[in-house]
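Biologist: I have a model open in the viewer and would like to learn how to read it. Could we go through it one feature at a time?

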Amino acid sequence: MQPVTESNGYVAQFTLGEGDLRFAVKDTLDIAGFATRAGCPALEANPAAEQHAGVVETLLGQRCVLTGKTTLHELAFGVTGINPWSGTPVNPRFPDLIPGGSSSGSAAVVASGEVDFALGTDTGGSVRMPAACCGILGLKPTYGRLSRAGVMPAQSSLDCVGIFARRPEMLREVLNRLAVPVDAPLQSMPAIGFIASALIDIDALLLNFLARADLHPRQAELPLLGDAHRAGLTLISHENWQAFNPLLRNGAVSADVATRIRAGADIHAEALNAAEAIRHTFTAQVDDQLAKTPLLALATLPELPPTLEEAKDPLSVVNLTRLVRPFNLSGHPALTLPAGTLRGRPVALQLIAAKGQEGLLIQAAEWLAERRRR
């Protein structure tokens with residue numbers, strides 16, 4: 001984590017008062033006096049930002065103390081969190097495993113206890129995936145719920161500022177400080193629909209996790225889940241080409257990231273129109289399911305997180321976002337929380353709610369956490 005100190009341009013209040021919260025931010029969010037480099041050597045000479053990202057400015061005015069910026073998968077365009085240039089964070093609880101991307105550093109500093117919470121960005125699972133890998137909570141709010149002013153890239157139809165925490169009560173506190181109210185804790189859980197979509201033993205673990213809380217969800221289906229994943233890939237590829245192709249001119253972007261950026265140049269209007277049609281239909285499908293049960297539950301990751309060694313093979317990570325990316329496409333809020341381990345690797349439950357219902361996700365996570373403590 002790059003510390004924020006007086007010596008490099010931003011005066012940080014490291015003396016904490018009662019009620020103050022320590023936080024860190026992914027290096028795609030502007031901090032006044034610091035260059036935003038997004039873990040990319042092509043941005044090494046970026047000038048310092050002149051003002052804070054909007055969400056950071058709000059938190060600094062709400063007794064939150066910024067302690068540093070965190071590294072990430074280069075240009076926030078990758079799922080492993082591995083970054084040879086700016087550093088690959090160690091997964092504190094599962095050090096042999098990837099930290100997850102792209103908001104790897106923000107997840108790691110929360111899991112290690114260095115901060116109370118951290119900010120990341122989630123365009124295709126980039127908060128929920130590292131949270132799942134590191135065994136903590138990660139919230140992707142409704143699209144547009146939190147300001148993206150001062151966030152890289154400037155334009156995105158998928159990206160959301162998200163929050164990492166170790167406990168759901170901290171997510172509640174952060175949302176309250178961001179003027180996103182969360183209602184009183186639940187006395188009972190609303191109906192849940194479960195979407196069986198991961199490896200059989202992962203789904204079985206998650207259903208057992210819910211059963212231990214005396215929850216027995218209904219079976220639910222989202223037939224377009226796979227199509228939504230692929231449509232999200234189409235859109236992020238196109239939008240990242242639009243945002244980052246100028247960086248390719250001097251050859252300073254890492255080869256694997258540059259290859260994926262260039263692929264966006266070949267996406268034409270017909271493919272974009274088809275992806276937008278899937279967005280519309282899939283969003284309606286999710287809304288229809290949420291009209292039957294206020295919460296949907298499914299695995300965060302369809303497979304167990306790979307080790308750092310396994311992740312050297314690109315084929316080992318290609319499908320890891322297929323259960324998180326669809327909800328960037330639809331814009332629904334989603335939260336991941338740890339649900340146990342399988343063969344020594346973390347398994348996480350993902351909850352989905354109606355748009356604007358981030359508070360219900362926090363309430364549900366609190367309810368589940370309370371049952372686990374009993």
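Biologist: Is Leu75 buried or exposed?

Modeller: This is a predicted model, and everything below is computed from it. Burial is judged from relative accessible area, with under 20% counting as buried. Leu75 has 2%, so it is buried. Leu75 sits in the loop between β3 and α2.

Biologist: What is Leu75 in contact with, leaving aside its neighbours within four places in sequence?

Modeller: The partners are Ala38, Cys40, Leu43, Phe244, Leu247, Val253, Val257 and Ile261.

Biologist: How should I read the backbone angle there?

Modeller: Most residues other than glycine have a negative phi, and most peptide bonds are trans. Leu75 departs from that, with a positive phi near 55°. Arg343 also has a positive phi, near 55°. Arg343 lies in the loop between β10 (334-342) and β11 (345-352). With a relative accessibility of 60%, Arg343 is exposed, whereas Leu75 is buried. Just after α2, Gly113 has a positive phi of about 85°, but Gly113 is a glycine.

Biologist: Where are the cis peptide bonds?

Modeller: One joins Gly101 and Ser102, with omega about 10°. Ser102 is in the loop between β3 (64-70) and α2 (104-111). Another runs from Met152 to Pro153, with omega near -5°. Pro153 belongs to the loop between β5 (137-140) and β6 (160-165).

Biologist: Which residues touch the most other members of the largest nonpolar core?

Modeller: In soluble globular proteins, nonpolar side chains tend to be buried together. Here the largest nonpolar core has 97 residues, and those touching the most other members are Leu75, Phe117, Leu119, Ile163, Val253, Leu349 and Leu368. Helix α10 (residues 358-373) supplies the largest share of this core, seven residues. There is also a second, separate core of 12 residues, with Ala24, Val110, Ala118 and Ile136 among them.

Biologist: How do I tell which side of a helix faces inward?

Modeller: Look down the axis and mark the buried residues. In α7 (residues 255-263) these are Val257, Ala258 and Ile261. They fall within an arc of 100° seen down the axis, so they line one face of α7. The face turned away from that buried side carries Ala255 and Thr259, which are exposed.

Biologist: What do the buried residues of α7 pack against?

Modeller: They pack against α6 (225-244). Two of the buried residues of α7, Val257 and Ile261, are also contacts of Leu75.

Biologist: Which residues of α6 are buried, and what covers them?

Modeller: The buried residues of α6 are Leu225, Ala228, His229, Ala231, Gly232, Leu235, Ile236, Ser237, His238, Glu239, Asn240 and Phe244. Their cover includes α7, α8 (269-292), β9 (295-299) and α9 (326-330).

Biologist: How far apart should the ends of α6 be?

Modeller: Helix length can be checked with a rise of 1.5 Å a residue. The 20 residues of α6 should span 28 Å, and the end C-alpha atoms are 28 Å apart, which agrees.

Biologist: How many of the residues of α2 are buried?

Modeller: Eight of its eight residues are buried, so α2 does not show the kind of exposed face just described for α7. The buried residues of α2 pack against β2 (21-26), β3, β4 (117-122), α3 (128-134) and β6.

Biologist: What does Pro41 contact, leaving aside its neighbours within four places in sequence?

Modeller: Glu74, Trp85 and Ala252. Pro41 is in the loop between β2 and α1 (54-60), and at 22% relative accessibility Pro41 counts as partly exposed.

Biologist: How do I read the chain as a whole?

Modeller: Start with the elements: the chain has 10 helices and 11 strands. Next compare the radius of gyration with the value for a compact globule. For 374 residues that value is near 21 Å, and the chain has 19 Å, which agrees. The C-alpha atoms fill a box of roughly 55 × 55 × 35 Å along the principal axes.

Biologist: What share of the 374 residues is buried?

Modeller: Buried residues make up 59%. Of the contacts with a separation of 6 or more, 74% are between residues 24 or more positions apart. The accessible surface is about 14,900 Å², and carbon and sulfur atoms account for 51% of that surface.

Definitions and conventions
Residues numbered from 1 in each chain as written. Predicted model: local features only at pLDDT ≥ 70, side-chain atom pairs only at ≥ 80, totals over all residues. Heavy atoms only, no water. Buried < 20%, exposed > 50% of the residue type's maximum accessible area, 1.4 Å probe, protein only. Helix = DSSP H or I, 4+ residues; strand = E, 2+ residues; numbered from the N terminus. Arc of directions from axis to C-beta. Contact = heavy atoms within 4.5 Å. Core = buried A, V, L, I, M, F, W, Y, C linked by side-chain atoms within 4.5 Å. Expected span 1.5 Å × (residues − 1). Rg over C-alpha atoms; globule rule 2.2 N^0.38 Å. Areas by Shrake-Rupley, 256 points an atom, 1.4 Å probe, with all protein chains shown as cover.
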